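Let's take a walk through a protein chain together. Have a look at the sequence and the 3D view before reading on.

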Amino acid sequence: MRHAAQALPWHTAWTIARRDLHRRFRGLRLLLVCLFLGVGALAAIGSLTGAIRTELADRGQQILGGDLEATLWQRAPNPAELAALERYGRVSGGLRMQASASTASAAAPIELKAVDAAWPMYGRFTLKDGRKAGPPPPGEAWLADGAAERLGVGPGDSFQLGTLTLKVGGIIGEEPDRLSEGFSLGPTVIVDEDVPARAGLTAPGAMYQGKYRIAFDRRYDTQKAADALGKAFPSSGFEFRTADDASPGAERFVSRMGQFLILVGLAALVIAGIGIGGGVGSYLQARRQSVATLKILGGTSGDIARIYALQIGAAALAGALAGLVAGVAVTPLLAWALGSLLPVETGLVIDPAALARAAGFGLLVALVFAAPPLAKARRFPAMALMRERVAPLAGEWKALVLPVGGGLLAITLLALVGTPQPWLSALFLGGAAGLLAVLAALGWAIRRGAAKAPRPKNPLLRNALANLHRPGAQTGALVTALGFGLSAFVLLAGVQTSLNANIQRTVPSVAPDYFVLDVPRDRIGEFEALVHSESPAAKIRAVPALRGRVLAYGPKDRMVRVADLKEIPDGAWALRGERGLTYADAVPEGNAVTAGRWWGPNYTGEPLVSVDEKFAQAIGLHLGDYLTIGLLGVERTVRVANFRRIDWDSMGFNYALVFTPNAIADAPHNLAATIDLPDGAPTGPLLRKLVKAFPSSSTIEVGQVLTEARTILSQVGNAILAAASVAVLAGLAVLLGAIAAARASRLYDNVILRVLGASRRQLLLLQLAEYGLLALLLAAVALALGSGLAWLVVVELFEFDWLPDWARILEVLGAGLLLVLGFALGGSLPLLRARPARALREL
């Protein structure tokens with residue numbers, strides 16, 4: 001016999017482990033499934049988001065169209081400003097604006113993109129027929145598919161833009177800087193730089209944005225260059241963007257979605273860890289006689305640990321590898337499902353760092369949750385293992401400090417390193433640890449409470465209560481599994497209902513039929529007459545429309561310059577770049593003055609401004625303070641007269657800043673108008689008449705915009721729900737595993753009861769009563785925990801409002817409870833078929 005102090009060699013331990021390990025991993029399949037789900041989710045998420053970030057970073061110059069972009073509203077740069085831009089390299093200029101294009105039988109809102117001869121400076125622009133091109137020749141235009149389809153034209157056909165007739169020179173194929181242009185209210189039409197002026201679209205007061213891209217002639221720090229230009233022209237209204245931040249909206253979306261998906265993967269792994277612990281415990285429980293036999297034959301605790309650690313490690317490695325393969329394979333499907341939400345196209349992606357991170361998470365979680373049952377099996381003598389059915393083994397926490405403590409530390413470091421929002425990951429990990437502690441404490445409290453509770457007279461209820469605290473009871477594991485599983489159901493329902501409510505509120509069902517931009521002030525009467533001739537009951541609202549930016553704010557003697565702020569305060573969105581401005585004699589429709597007084601009609605005193613109350617709170621603005629704005633390159637200072645509450649949910653004109661007429665009315669500007677048609681009124685004839693009569697105005701059909709917005713938001717919601725369902729699947733796997741583990745430990749009890757005369761019906765009712773008691777106790781806990789997690793996802797991560805449908809959430813929770821009882825019923829059926837004599841011989 002081998003000396004007790006001599007350790008079993010690893011190759012010998014592996015030989016024994018391999019012989020005992022079933023080729024299909026029987027007994028360890030729950031571990032395999034849990035790791036497969038968690039690692040697969042993290043592998044797919046990490047690969048996809050990593051590929052998108054790499055693509056955005058590598059193509060920054062191409063996406064932006066230059067190394068640095070400077071934008072101005074409603075004007076071109078003056079000679080000094082243009083000379084400053086040209087000192088850094090070659091400049092390509094142009095403008096972007098909303099416009100309307102038409103033919104004899106159709107009209108459509110478009111995004112007009114005017115470019116010069118230097119465009120594109122980076123990347124390649126191609127037409128759909130394969131031709132490489134630059135700006136279109138004189139008299140021609142390049143049209144996006146959507147514009148050609150809505151106008152019913154093709155290459156060689158003509159259409160009207162403002163006062164010009166242009167020919168379709170080709171259909172846009174690949175537009176290298178499309179992503180940096182952002183959201184548009186119509187398909188793109190590209191024209192030569194002089195077309196907007198010749199078409200009468202850039203008259204004084206017209207709404208357009210000049211974009212000037214710089215291709216550096218030497219190596220510059222792009223951010224320092226932008227800062228230097230901003231300081232040189234502080235009142236010019238310039239907004240700068242660098243190639244490192246070519247598409248901030250896309251970057252923000254990918255970052256938020258990626259962070260959420262990683263949290264979902266971690267949640268799936270945490271839930272899976274519970275299943276791993278239960279699965280390993282059940283596996284070792286089934287092999288307790290083998291463990292005891294090895295110890296009787298001289299095996300040491302270290303030998304036992306090596307043999308079964310190798311078995312569990314082999315199963316964990318197989319599950320992790322299968323998850324990695326599945327994650328890589330599913331990445332193209334995930335990209336396809338997200339569709340137009342993704343800023344760039346991705347195919348089959350293999351990201352070694354993301355795959356290593358996913359595998360690391362999976363194996364570390366397996367270590368943390370498999371260590372306690374393995375340590376329990378290795379520490380006890382053979383006779384204690386033989387008696388475990390009736391005298392359960394106690395744990396010793398000291399043996400778990402290294403594997404569990406080290407594993408948790410490694411998981412924490414892996415989750416925090418490289419994440420864009422480490423605080424959120426830390427909060428999640430802390431919440432998961434707290435949740436496990438709460439559920440463990442709840443399981444202990446239920447056992448203690450069941451032990452001290454009065455015994456019911458009904459024998460089934462009495463036995464169900466006793467099963468919660470008897471020796472070997474799986475109450476703790478069941479409480480943890482049921483708590484996480486039911487919380488996952490509540491989480492999914494809370495996220496879904498809040499997203500749906502946000503979509504309904506953000507994209508209202510009631511909105512104007514048309515927005516019309518750049519209506520000439522001296523033709524408003526003609527505009528109203530045309531609309532009413534087509535639809536006498538139409539409602540028209542017109543307001544002055546200007547663009548400007550806040551340059552400074554605060555008390556007159558110590559105003560804060562926005563350019564000097566290191567960071568824009570939360571909620572101070574109106575400080576970011578150019579914003580819409582207007583003036584009015586009366587309080588705007590849908591607004592209410594909450595502090596201060598409104599000026600009356602024909603006001604001629606000191607120039608005043610009315611400010612959105614939430615914006616004022618964000619920047620610490622008080623009544624009597626001052627604002628300085630930049631309007632067409634000129635600074636104007638006004639006093640804050642009042643604060644307003646704005647109904648942002650309406651689809652009307654809502655301005656954060658409303659001025660007295662004497663403050664800004666002298667600047668060149670036009671009007672913006674909304675048109676509400678009676679229900680059922682046709683929209684097509686009016687659109688064509690408006691485009692024909694007001695060619696320099698841009699008429700936007702709101703219905704089409706709302707449909708597109710709903711589609712995008714629905715895609716986002718579906719992507720979030722699909723990702724969250726991974727955690728639900730892991731929760732279901734854990735529930736099944738916990739019920740299976742409890743079934744194995746309950747076989748002895750059922751056999752004894754059968755011998756004592758219990759019927760199958762009584763045993764079945766006993767199981768349902770036990771699980772029913774647990775499920776009812778945990779329902780309230782799951783409601784609180786799941787709702788809290790859903791709030792964190794909706795409010796903190798995606799910055800939506802928390803608008804849950806509690807009735808729907810309770811319905812889903814009820815369905816979850818029924819599912820638990822169904823699983824319990826299904827798991828109890830094999831116990832009812834067990835033959836007492838055979839079962840007693842195997843115990």
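What follows is a short tour, from the whole chain to a few of its parts.

## The chain as a whole

First, a heads-up: this is a predicted model. The chain has 843 residues, and 51% of them count as buried. Its secondary structure comes to 24 helices and 22 strands.

On the outside, the accessible surface of the chain is about 37400 Å², and carbon and sulfur atoms account for 59% of that. Now for the contacts: if you take those in the chain with a separation of 6 or more, 81% are between residues 24 or more positions apart.

One pair shows what that can look like. Leu-499 and Trp-802 are 303 residues apart in sequence, yet their C-alpha atoms are 8.6 Å apart in space. Leu-499 sits in helix H16, which covers residues 475–506. Its relative accessibility is 6%, so Leu-499 counts as buried.

## Two nonpolar cores

Let's go inside. The largest nonpolar core is made of 42 residues, and those with the most contacts within it are Leu-31, Leu-35, Ile-276, Val-280, Tyr-308, Leu-324 and Ile-411. Several helices give at least two residues each to this core, including H1 (10–20), H2 (29–58), H8 (248–286) and H14 (422–452). The largest share comes from H11, with eleven residues.

Val-280 is a handy one to click on. Skip its neighbours within four places in sequence, and you'll find Val-280 in contact with Leu-31, Ile-312, Ala-370 and Pro-373. There's also a second, separate core of 30 residues, and among them are Ile-271, Ile-274, Ile-446 and Leu-813.

## A strand with cover on both faces

Next up is strand S1, residues 68–73. This strand is mostly covered, with six of its six residues buried. Here's a rule to keep in mind: in a regular strand, side chains alternate between the two faces of the sheet. On one side of S1 you have Leu-68, Ala-70 and Leu-72, on the other Glu-69, Thr-71 and Trp-73, and all of these are buried.

Which strands does S1 pair with? One is S10 (residues 209–216), which runs antiparallel to S1 and is joined to it by six bridges. In that pairing, Glu-69 stands opposite Arg-213. Another is S11 (residues 239–242), also antiparallel, with four bridges to S1. There, Ala-70 has Phe-240 as its bridge partner.

## Salt bridges

How many salt bridges are there in the model? The count comes to 20. In one of them, the side chains of Asp-145 and Lys-128 meet, with N and O 2.7 Å apart. Asp-145 belongs to helix H5 (residues 145–151), while Lys-128 is in the loop between strands S4 (125–127) and S5 (132–133), so this pair ties together parts that are 17 residues apart in sequence. Is each partner buried or out in the open? Asp-145 has a relative accessible area of 38%, so it is partly exposed. For Lys-128 the value is 56%, so that residue counts as exposed.

Two other pairs are worth finding. Arg-131 and Asp-129 meet in a salt bridge at 2.9 Å, N to O. Arg-131 is partly exposed at 38% relative accessibility, whereas Asp-129 is exposed at 52%. In the second pair, Arg-218 bridges to Asp-217, and their closest N and O atoms are 3.6 Å apart. This time Arg-218 is exposed, at 55%, and Asp-217 is partly exposed, at 49%.

Some salt bridges share partners, and that joins Glu-69, Lys-113, Glu-175, Asp-177, Arg-213 and Arg-241 into one network. You've met two of these already: Glu-69 and Arg-213 are the residues opposite each other where S1 and S10 pair.

## A nonpolar patch on the surface

To finish, back to the outside. Which residues make up a nonpolar surface patch? Leu-317, Leu-321 and Leu-363 do, and the patch is about 250 Å². Leu-317 is in helix H10, which runs over residues 301–338. At 43% relative accessibility, Leu-317 counts as partly exposed, while Leu-499, back in H16, is a buried leucine at 6%.

Notes: Residues numbered from 1 in each chain as written. Predicted model: local features only at pLDDT ≥ 70, side-chain atom pairs only at ≥ 80, totals over all residues. Heavy atoms only, no water. Patch = residues over 30% accessible without salt bridge, like charges linked within 9 Å, V, L, I, M, F, W, Y side chains within 5 Å. Areas by Shrake-Rupley, 256 points an atom, 1.4 Å probe, with all protein chains shown as cover. Salt bridge = Lys/Arg side-chain N within 4 Å of Asp/Glu carboxyl O. Buried < 20%, exposed > 50% of the residue type's maximum accessible area, 1.4 Å probe, protein only. Core = buried A, V, L, I, M, F, W, Y, C linked by side-chain atoms within 4.5 Å. Contact = heavy atoms within 4.5 Å. Pairing = 2+ DSSP bridges.
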